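Trainee: Could you take a close look at the salt bridges here with me? Once we have those, I'd be glad if you carried on into the surroundings.

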Amino acid sequence: MTAITLYIFSLKMQAPNVNSHQKAAVAKGVKDEEEGLDTAEGEEWMQGKTLVKPPDQLDLTEAELNEEITRVLKASNPNAPQNVVRYSFKEGCYKPIVFVDQMAIHFELEGNLVHKESDEGRRLMAKQAEVDDGGGVERPDNVAIKAAKREQKLTNQFNFNERASQTLNNTPRDISCQTEPPPRANFSATANQWEIYDFYVEELQRREKSKEKHEGQFLNKEEDKSKKKMIQNDDISQLAKVVKIIERMVNQNIFDDVAQDFMYFEDASDEFRGEKGTLLPLWTFQYDKAKSLSVTALCWNHKYNDLFAVGLGSHEFTQQGGGMLLFYTLKNPSYPEFIFNTASGVMCLDIHEHLSYLVAVGLYDGCVAVYNLKKKTDQPIYNSRASSGKHTSAVMQVKWQKDDLDSNHNFISVSADGRLVSWTLVKHELVFTEIIKLPVIDTIPDDLKDVIPTVGTSLDFHKQKDYSFLVGTEHGKIHKGSKYYSSKFLEKYDAHFMNVTRVKWNPFHPDVFISCGWDWMVKIWDQTMKSPVFTFELKTSVTDVAWAPYSSTVFAAVTTDGKVHVFDLNINKYEALCQQKVVSKKTKLFNIEFNPVHPIIIVGDDRGHVTSLKLSPNLRKKPKVGDALILCIVIEHLNILTLDENVLEPH
Amino acid sequence: GADDTEEKTQTIDPKHIFPPQHTDMPEEMRVETMELCVTACEKFATNNESAAKMIKESMDKKFGSSWHVVIGEGFGFEITHEVKNLLYMFFGGGLAVCVWKCS
């Protein structure tokens, strides 16, 4: 691009001349013009108007005013230097430059016009041609598209805006890491001919030995297999503990409301009932395989208050089959803890007071057996099957005794063959000792006395004086005996008209005992008196009676019509506080037991079920005065009221 | 001397027993390595160097870099090896082969 510069010739003014008239002719035109302008202007000014003087105008005289001043325009730059000197290397001195550049640039503008014929111009032309050609290929196809494209490309600054932005770049980081090198170890050895030889010899020996072992390996494999089985069993048995806990948890969840009732429920309506109380049914314990059997015996465990034993068999003479001994715990109402099968029906059982894992069982076929709960086997540790002296008839009651002088455990059994036998656990045997034979009743003729025995149905030992015991018989008599007298009984009570199903000493009062029988009666006796102190008639056969462990005046009885009767002599001497049917119709109740700690009772019926019931507060009033004393007071009251003729001398 | 011992080993046993004197390799690796050593030694029965070379290159390819192999009849050694990468065995009644990995 070439620059367009404006050349402006500058006008230079010459020095003014005094003799302005002489040169006036030459420059007159100019001067005149200037002066003329001035004078004309001045004259005009002066002619047109009055003279107006600006304040800063020079005051000149007329002569000075008439002076002619010459001004000359020259084409030379007044700013250009006039005496430029340059050093000349040729001559070695400064020399003045004659021609000084007079150009002064007032304005510069760079333009963008390119000459067609120049290189750049030709290049641009070529580019333009390419663009045109590119578009030209499409032309035959679609002129419209091209037109549209062109229209699209036409973006103006008002509608379209280009924006650019930079996103945040994450700062790069350097991370370095070194892994642990693989572990190394040192090893050293020597490779000699003799070393090699020695090694080979050893290897040979080893191989020979292994061949011999190979034959024995079959046996080893079998052992391994059996070991594996054992291990599997152990695994399962280890699981068993855990599974047990889980089972209990599940049971607790299922029977949660029952468990809550058991612990906390107190029947508030007892306040409105006056003296009466109720029994709240809790869990029902039943076992599938015991469906055909009836409950014959119940016993609570003294050490573990939630564990109780159930003996299952049959009361019917004609329906004798196998029997079972089950242990339930309140923590698991759905399945028994321990299950023992017996060859014949269980008639009675007793759990040792101190060693709560020893259980004595009396069977229908006259055998007695002792089970050890600690042992995993389900066979009794002692069995009187083979030994002589076993009862010839059903064993009706067993009771553990205190250890004898040799500190052997022993228990006493009474059976339907009329004998009281003491069994001692000596090492692996049961050794029997006959204690006493039940007296035969008078109605049987003498020659048959040896043959027909008196069936003993119930047995109980005194709590404090454990040599003293009571036996109830089928004929309705109760005999009091002592372990020290083996020939005869101390006392005989005519208790009932029919079978005496239970006799029990009162746990608090030393002289009082209770009996019940099939003649619908429950009778309370003082051992010093021939006739009963209290008599209660319940509408059906009474199968079992039990004293409460918390009060000397409370007892409960069960009858064959499925009812439980609870009495408290302190509150009501004539009536039961509670008579409640606890099982479905036509089910007979056979056993009842109070829990030693909790206010619940369990009743067993002839379907093989055991039902647990909670006593309402009215039924478990603890007397404020001493326990035995209450009963004494009660009895004294009665004695004063009814003087009896047959009062025996107290022993 | 050496002849007697060789005879003994021949009469009692064929030379086809190659028990490892000392090894801490895993089972598979050991079996493979031993087979490789036996193959190499049988192939290059006269030339220990070639046998060693063959073993070393195969081991490098299979199990990673920096294996060292020594084959000979009489030598002592003290080496540092990566754990579970050492095999020291005898071959043919008279050769000892030591193979280890260490970078």
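Mentor: Happy to, and let's begin with a group rather than a pair: A:Glu203, A:Arg206 and A:Arg207 are joined in a network of salt bridges. Please keep in mind that this is a predicted model. Over all chains, the structure holds 15 salt bridges. The general idea is that side chains of opposite charge can pair when their charged atoms come close.

Now for some individual pairs. In chain A, the side chains of A:Arg419 and A:Asp417 form a salt bridge, with 3.1 Å from N to O. Both partners, A:Arg419 and A:Asp417, are buried. Another salt bridge joins the side chains of A:Asp494 and A:Lys477, at 3.4 Å from N to O. A:Asp494 belongs to strand β20 (residues 491-494) of chain A and A:Lys477 to strand β19 (residues 477-482) of chain A, so this pair ties together parts that are 17 residues apart in sequence. A:Asp494 counts as exposed because its relative accessible area is 52%, and the threshold for that word is over 50%.

In chain B, the side chains of B:Glu27 and B:Arg30 meet in a salt bridge at 2.8 Å, N to O. These two, B:Glu27 and B:Arg30, sit three residues apart in helix α2 of chain B, about one turn of the helix.

That helix leads us to a neighbour. Among the elements covering the buried residues of α3(B) are α2 (27-43), β2 (67-72) and β5 (95-101) of chain B. The buried residues of α3(B) are B:Ser50, B:Ala51, B:Ala52, B:Ile55, B:Ser58 and B:Met59. Helix α3 itself (residues 48-63 of chain B) has 16 residues and spans 22 Å from its first C-alpha to its last, close to the 22 Å expected at 1.5 Å a residue. At the start of α3(B), a side-chain oxygen of B:Asn47 comes to within 3.1 Å of the backbone nitrogen of B:Glu49. After α3(B) comes B:Gly64, with a positive phi near 110 degrees.

Polar side chains deserve a look as well. A:Asn591 lies in strand β29 (residues 589-594) of chain A, and A:Asn591 is buried, with a relative accessible area of 3%. A polar atom of the A:Asn591 side chain is 3.1 Å from the backbone oxygen of A:Thr296. Setting aside residues up to four places away in sequence, A:Asn591 touches several others, including A:Val295, A:Arg502, A:Asp544 and A:Ile602.

A:Asp288 makes a nice contrast: A:Asp288 is exposed, with a relative accessible area of 60%. A:Asp288 is found in the loop between β4 (279-285) and β5 (294-300) of chain A. The C-alpha atoms of A:Asp288 and A:Gly608 are 9.1 Å apart, although 320 residues separate the two along the chain.

Finally, the cysteines. Over all chains, the structure holds zero disulfides. B:Cys37, for instance, is in no disulfide, as the nearest cysteine sulfur, that of B:Cys41, is 6.3 Å away. B:Cys37 is buried, at a relative accessible area of 1%. A:Cys516 counts as buried too, because its relative accessibility is 0%.

Note on methods. Residues numbered from 1 in each chain as written. Chains lettered and ligands numbered in written order. Predicted model: local features only at pLDDT ≥ 70, side-chain atom pairs only at ≥ 80, totals over all residues. Heavy atoms only, no water. Disulfide = S-S within 2.5 Å. Buried < 20%, exposed > 50% of the residue type's maximum accessible area, 1.4 Å probe, protein only. Helix = DSSP H or I, 4+ residues; strand = E, 2+ residues; numbered from the N terminus. Polar contact = N/O pair within 3.5 Å; in protein donor to acceptor, adjacent residues only side chain to side chain. Contact = heavy atoms within 4.5 Å. Expected span 1.5 Å × (residues − 1). Salt bridge = Lys/Arg side-chain N within 4 Å of Asp/Glu carboxyl O.
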